[in-house]
Amino acid sequence: MKVLVVHGPNLNLLGSRETSVYGNASLSDIDFSLSELGKEFGLEIESFQHNHEGALVDAIQEAPAKGVKGILINPAAYGHTSIALRDALLAVGLPFVEVHLSNIHAREEFRHHTYLSDVAAGVVLGFGPDSYRLGLRGLAIKLGRAG
Ligand code: DQA
């Protein structure tokens, strides 16, 4: 069973970007650990990062035809701004889990709202790279692959 991991803008800089907020792990560290964890649940992980909103929308739209059954997404800043990402996720109708490395509710007020949270299967935030791992476990439960 295939899961798409979507990383939004600036997450390609993880490891060097604002390390006091986002930690030292790089995006490839995170993707590797998700692939390994995915194996425990019988999930094949495909990861995609892009800085452009439309490219993220395209990747979400293309997911069902690729056999993807669920989406793990860190929308990064687009979570706070993008109705297009919300609409794409609703359009494909796949269960998705929203994750954030940082606790967005403990930061600036403009980060407190996201356009995805109320339509997500679940939201995990504030645990650094472990937010992704916990989110993948939650998605695996949702997909009947973990208890
Ligand atoms: C983030 C939080 C967002 O507010 C921010 O714009 C990001 C990263 C996180 O993972 O903590 O780029 O999504």
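Guide: Let's start at Ala88, which lies in helix 4. Keep in mind that you're looking at a predicted model.

Visitor: Why is Ala88 called buried?

Guide: The word applies to anything under 20% relative accessible area. Ala88 comes in at 4%, so it counts as buried.

Visitor: And what does Ala88 touch?

Guide: Leaving out residues up to four places away in sequence, Ala88 touches Val57 and Ile60. Gly147 is another story: it sits 59 residues along the chain from Ala88, and their C-alpha atoms are 29 Å apart.

Visitor: Okay, take Ser131. Where does it lie, and why is it called buried?

Guide: Ser131 lies in helix 5. Its relative accessible area is 0%, and the limit is under 20%, so Ser131 is buried as well.

Visitor: What makes the link between Ser131 and Phe127 a polar contact?

Guide: The side chain of Ser131 reaches the backbone nitrogen of Phe127 at 3.0 Å. The cut-off is 3.5 Å, so that distance fits. Ser131 has plenty of other company, too: among the residues it touches, not counting those up to four places away in sequence, are Val99, His100 and Leu101.

Visitor: Which residues touch the most other members of the largest nonpolar core?

Guide: Val3, Leu34, Leu43, Leu72, Tyr132 and Leu136, out of 25 residues in that core. Strand 1, helix 2, strand 4 and helix 5 each give two or more residues to the core.

Visitor: What does Tyr132 touch?

Guide: Not counting residues up to four places away in sequence, its contacts include Val5, Ile30, Leu34, Leu72 and Val99. Tyr132 also touches His7 and Asn74.

Visitor: Which residues belong to the second core?

Guide: That one is separate and has 17 residues, including Ala63, Tyr78, Phe96 and our starting point, Ala88.

Visitor: Now the ligand. How do you know that His100 makes a polar contact with the ligand?

Guide: An N or O atom in the His100 side chain is 2.7 Å from an oxygen atom of the ligand. The pair has to be within 3.5 Å, so it qualifies. Leu101 passes too, but with a backbone N or O atom, 2.7 Å from a ligand oxygen. For Ala77, a polar backbone atom is 3.3 Å from an oxygen atom of the ligand.

Visitor: How much of the ligand does the protein bury?

Guide: Taken alone, the ligand exposes 320 Å², and the protein buries 98% of that.

Visitor: What classes of residue make up the shell around the ligand?

Guide: There are five nonpolar, four polar and three charged residues. Arg17, Arg107 and Arg111 are among the residues around the ligand, and Arg counts as charged.

Visitor: Ala76 is around the ligand as well. What is noted about the phi of Ala76?

Guide: Phi is positive there, about 50°, although Ala76 is not a glycine. Ala76 is found in the loop between strand 3 and helix 4.

Visitor: Is Ala76 buried or exposed, and how do you know?

Guide: Its relative accessible area is 11%, which is under 20%, so Ala76 is buried.

Visitor: What makes Glu18 partly exposed?

Guide: Glu18 has a relative accessible area of 44%. Buried needs under 20% and exposed over 50%, so Glu18 falls in between. Glu18 is in the loop between strand 1 and helix 1, and its phi is positive too, near 30°.

Conventions:
Residues are numbered from 1 along each chain as its sequence is written. This is a predicted model: local features need pLDDT of at least 70, side-chain atom pairs count only at pLDDT 80 or more; totals for chains, interfaces and linings use all residues. Side-chain values use heavy atoms; hydrogens and water are left out. Helices (H or I, at least four residues) and strands (E, at least two) are DSSP runs, numbered from the N terminus. Buried means under 20% relative accessible area, exposed over 50%, partly exposed in between (1.4 Å probe, protein chains only). A nonpolar core is a set of buried Ala, Val, Leu, Ile, Met, Phe, Trp, Tyr and Cys residues joined through side-chain atoms within 4.5 Å. Contact means heavy atoms within 4.5 Å. A residue is near a molecule or strand if one of its heavy atoms lies within 4 Å of it. A polar contact is a pair of N or O atoms within 3.5 Å; within protein, one must be able to donate a hydrogen and the other to accept it, and residues adjacent in sequence count only if both atoms are side-chain atoms. Accessible areas come from the Shrake-Rupley method with a 1.4 Å probe; for residues, only the protein chains shown count as cover.
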